[in-house]
Amino acid sequence: RSALRPVTCEGKLVSDVEWFRPSNGPARRQGWFEVTAVQQKEGWAVASGQLFLRLPARGVELLYGNRVRLNGEIRGPRPPAGEPHVFGEAQWLWLRGACGVLTVSDPEGIKRLDAPVGLWVRYRRWVARLRWRLKEAGSSALGPMESAYLEMLLLGKRHGISPDLEAAFRKTGTVHVLVVSGLHVELVGLMGAIVLGILRVPRV
């Protein structure tokens, strides 16, 4: 198992921060973080690299593009538990270009740093808020299973669907039903990104 090391670092959130409830632990928030500086004994040192974030469920609101200072524990990818060729955490992080996982357990370990943002960041944040409102509306109007279906079909999120049910869809050749509408939502977002690119809107 990879060793945990305490770390204080600064950087920028390069994804939406999403709420997640694992099957074997408490709810949390998670996302992707681009490191720009790490605190050392003699001061701050310039750094670079991407990390997967695990954050407490409650605490300061975090949005795409926020610059933050985080105080937590960092570790490298865990080796596969079974055969070496099995797809695991190391391969998953590598595909994202990330070098490890940063866990912040205490909400006090998160400090948002003020920084101006451009139109692209504001657009991404609007999309994230819309996705969250759709999710909240489904959760309040439907049961757990029904809201999981709604989130999957509208937003392309599958974590509310049991592995057995997903396997049944795959076995019957109907797994495309689980992703087609989510794909359409992503295409709308892509079209918006293209329009912003044509208008030469800066990303930051």
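## Overall picture

Of the 204 residues of the protein, 34% count as buried. The model is predicted, and its pLDDT averages 77, with 60% of the residues scoring at least 70. The surface that the protein exposes comes to about 12,900 Å², of which carbon and sulfur atoms supply 59%.

The protein contains five helices and seven strands, and from the N terminus on these elements follow the order β-β-β-β-β-α-β-β-α-α-α-α. Among contacts in the protein with a separation of 6 or more, 67% are accounted for by residues 24 or more positions apart.

## Confidence along the chain

Confidence varies between the elements: strand E5 (residues 67–75) has the highest mean pLDDT, 95, whereas helix H5 (residues 180–198) has the lowest, 58. Where pLDDT is low, the predicted coordinates should not be read in detail.

## Strand pairing around E3

Strand E3 (residues 28–40) runs antiparallel to strand E1 (residues 5–13), and five bridges join the two. Within this pairing, Cys-9 stands opposite Val-38 in E3. Strand E2 (residues 18–20) also runs antiparallel to E3, to which three bridges join it, and here Phe-20 has Arg-28 of E3 as its bridge partner.

On the pairing of E3 with strand E4 (residues 43–56), the two strands are again antiparallel and are joined by 12 bridges. One of the facing pairs places Gln-30 opposite Arg-54 in E4, and the connection from E3 to E4 is a hairpin through two residues. As a general point for reading such strands, side chains in a regular strand alternate between the two faces of the sheet.

## The salt bridge between Arg-69 and Glu-10

The count of salt bridges in the model comes to two. In one of them, Arg-69 pairs with Glu-10, and the closest N and O atoms lie 2.4 Å apart. This pair links distant parts of the chain, since Arg-69 belongs to strand E5 and Glu-10 to strand E1, with their positions 59 residues apart in the numbering.

The two partners can also be described by their accessibility. Glu-10 counts as buried because its relative accessibility is 14%, which falls under the 20% cut-off. Arg-69, with a relative accessible area of 28%, is partly exposed, because that value lies between the limits of 20% and 50%.

## Glu-89 and its surroundings

A salt bridge also joins the side chains of Glu-89 and Arg-75, with an N to O distance of 2.8 Å. This pair, too, links distant parts of the chain, with Glu-89 in helix H1 and Arg-75 in strand E5, 14 residues apart. The side chains of Glu-89 and Arg-75 are likewise recorded as making a polar contact at 2.8 Å, and both residues are buried.

Helix H1 spans residues 89–96, and Glu-89 has its place there. Glu-89 counts as buried because its relative accessibility is 17%, a value under the 20% cut-off. Leaving aside its neighbours within four places in sequence, Glu-89 is in contact with Arg-54, Arg-75, Gly-76, Pro-77, Arg-78 and Val-101. Of these contacts, Arg-75 is the salt-bridge partner of Glu-89, while Arg-54 is the residue in E4 that stands opposite Gln-30.

Terms used: Residues are numbered from 1 along each chain as its sequence is written. This is a predicted model: local features need pLDDT of at least 70, side-chain atom pairs count only at pLDDT 80 or more; totals for chains, interfaces and linings use all residues. Side-chain values use heavy atoms; hydrogens and water are left out. Helices (H or I, at least four residues) and strands (E, at least two) are DSSP runs, numbered from the N terminus. Buried means under 20% relative accessible area, exposed over 50%, partly exposed in between (1.4 Å probe, protein chains only). A polar contact is a pair of N or O atoms within 3.5 Å; within protein, one must be able to donate a hydrogen and the other to accept it, and residues adjacent in sequence count only if both atoms are side-chain atoms. Contact means heavy atoms within 4.5 Å. Two strands pair if DSSP finds at least two bridges between them. Accessible areas come from the Shrake-Rupley method with a 1.4 Å probe; for residues, only the protein chains shown count as cover. pLDDT is the predictor's confidence in each residue, from 0 to 100. A salt bridge is a side-chain nitrogen of Lys or Arg within 4 Å of a carboxyl oxygen of Asp or Glu.
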